[in-house]
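Work through the exercises below with the structure open beside you. Try each task before you read its solution.

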Amino acid sequence: MSFAWLKYYMPRSLYARAVMILLLPVVVLQLVVTVLFLTRHFEDVTQQMATTVARELRLVLDVVESAPDLGSINSYVIEELSQLAIVVEPVAEGDVPQAHLRDFWDFSGRVIVAMLPAQVQSIAAIDLTENRRVHVYADTRFGPVKIGFDRRRISASNPHQLFVNMIFFGGLVTVIAILYLRNQLRPIKRLARAAEAFGRGRHEPYSPAGALEVRAAGHAFLDMRNRIERQIEQRTLMLSGVSHDLRTPLTRMRLSLSMLEEDERAALEQDVDDMQGMLDAFLNFVKGAGEGEPEPIEPHAFVASVVEDARRAGRDVALLPPDGEGTGTVQLNPLAMRRALDNLISNAVRYGAMAEVSVLMTEKALRIRVEDDGPGIPEDRRAEATRPFTRLDAARNQDRGGGVGLGLAIATDIARAHGGVLRLSSSERLGGLRADIVIAR
Ligand SMILES: Nc1ncnc2c1ncn2[C@@H]1O[C@H](COP(=O)(O)OP(=O)(O)OP(=O)(O)O)[C@@H](O)[C@H]1O
Ligand SMILES: [Mg+2]
């Protein structure tokens, strides 16, 4: 038997789950106590009291039987049994109810109705509907009589008091517990927020607090964050240092080249240009998503401007009409996102002949798609293609210009920094690669 379906009914947040774990035993306990108490205690108490009353009723009825005549029943009973405080009066045959009368919520009444007639044979009917008074109709040798006495003699008074108290104090204690719980959960939420922000490339101030285990996790997170930041910093310094230092000799080479004869020059100049391009790619990779700040941006206009720039640079790029019912702005880092799209578009026109760009926006997500008519990337090599410095089979890349294998890695990095993903698949429209940047809004 599997309890997987239970997941759908479980609250999702830690706070809601904790409250549920807290409330469930309290509610179940109260229900169990209520039911047990009602059935056991109140019925037992009522039974005991009913037995006593039955004994009194038998006594009263005996006295009634020995009264001299109908008219003097009441005064005779009062005279004989005034201590009992029970009132007896004769009634007409038609005034006797056909059945026992009680309110449906009157639980102890059910016990009374079951017990009294069993112990006193001559009882014809019991009427419990009058507030605080019990009327018993019994047959005597003078005909039917109505016997009245106080309800409190036969069932415990104010039985609901207990439940009112229980629910009130149960609620009070639960509220206090929830308040306390909230303070305990706050540090976990803060840690989750800081970790999530760091995953998106933002450094949020965070200091460990709360229970011992939460504090330990917080310190571990801080250590991890520091180490990763140090590594990124070192990588950045190294790559940008190398790239920067190589620029100067490259510029010198270019100068020396211009002194050479025309026919020797062309090939060498191409090499120098390629090297320059590679250095630019390194620098771009190092910058990654670190440059610029996220701001609210209207995606359709933004993508249109990126496509327009690519077209002006001589690339064959088309922008498809916008799709989806979403409107408004999305938090984007324009510098980084432009770099990611540039990389995807340059891949598309390098490995294919033309590119198509489209934007789909819904209430919850933004998807920017770049498709081309090239050979695409086989499914089992897509993960490999997004790794830095990886270029797929050399044959495919022949005469396609000198890439260093960073384009897709940069785009992946930037998509992640926006809390999204870069998804590669094959284009249905054009047959080549389809690259989607999907970002939750
Ligand atoms: N649109 C595409 N169609 C077919 N293959 C592609 C496409 N985009 C990328 N690839 C393959 O994935 C590999 C990695 O792409 P990536 O953009 O990371 O590097 P690159 O284009 O080779 O170099 P760079 O982008 O750094 O100039 C490429 O070498 C290429 O083989
Ligand atoms: Mg590329």
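## Helix packing and local geometry

H6 and H7 are roughly antiparallel to each other (an angle over 145 degrees; under 35 is roughly parallel, 65 to 115 roughly perpendicular, and the rest oblique). This is a predicted model, in which local features need pLDDT of at least 70, side-chain atom pairs count only at pLDDT 80 or more, and totals for chains, interfaces and linings use all residues. Residues are numbered from 1 along each chain as its sequence is written, chains are lettered from A and ligands numbered from 1 in the order in which they are written, and side-chain values use heavy atoms, without hydrogens and water.

**Exercise 1.** Describe how H6 and H7 cross.

Step 1. Locate the helices: H6 covers residues 212-257 and H7 covers residues 262-287. Helices (H or I, at least four residues) and strands (E, at least two) are DSSP runs, numbered from the N terminus.

Step 2. Take the axes. They come within 9 Å and cross at roughly 160°. Each axis is a line fitted to C-alpha atoms, for helices over the stretch in contact, and angles run from 0 to 180 degrees between N-to-C directions.

Step 3. Assign the hand. The crossing of H6 and H7 is left-handed (the near helix is turned anticlockwise from the far one by less than a right angle; clockwise is right-handed).

Step 4. Sort the contact residues of H6 with H7: 13 are nonpolar, four polar and seven charged. Nonpolar covers Ala, Val, Leu, Ile, Met, Phe, Trp, Tyr, Cys and Pro; charged covers Asp, Glu, Lys and Arg; the others, Gly among them, are polar.

**Exercise 2.** Give the relative direction of H5 and H6, then of H2 and H5.

Step 1. H5 (residues 160-199) packs on H6 at an angle of about 15°, with the axes 10 Å apart. H5 and H6 are therefore roughly parallel. Their crossing is left-handed.

Step 2. The axes of H2 and H5 come within 10 Å and cross at roughly 165°. H2 and H5 are therefore roughly antiparallel. H2 passes H5 in a right-handed crossing.

Step 3. The contact of H2 with H5 holds 20 nonpolar, four polar and one charged residues.

**Exercise 3.** Check the length of H8 and find where its buried residues lie.

Step 1. H8 spans residues 299-312, which is 14 residues. At 1.5 Å a residue, H8 should span 20 Å. The expected span is 1.5 Å times one less than the number of residues.

Step 2. The end C-alpha atoms of H8 are 20 Å apart, which agrees.

Step 3. List the buried residues of H8: Pro-299, Phe-302, Val-303, Val-306, Val-307 and Ala-310. Buried means under 20% relative accessible area, exposed over 50%, and partly exposed in between (1.4 Å probe, protein chains only).

Step 4. Look down the axis of H8. The buried residues fall within an arc of 130°, so they line one face of the helix. The arc is that of the directions from the helix axis to the C-beta atoms.

**Exercise 4.** Place Arg-132 and Phe-389, and give the phi of Arg-132 and of Phe-389.

Step 1. Recall the background: most residues other than glycine have a negative phi.

Step 2. Arg-132 has a positive phi of about 65°. Arg-132 sits in the loop between strand S2 (123-127) and strand S3 (133-140). At 59% relative accessibility, Arg-132 is exposed.

Step 3. Phe-389 has a positive phi near 60°. Phe-389 lies in the loop between helix H10 (382-385) and helix H11 (394-397). With a relative accessible area of 44%, Phe-389 is partly exposed.
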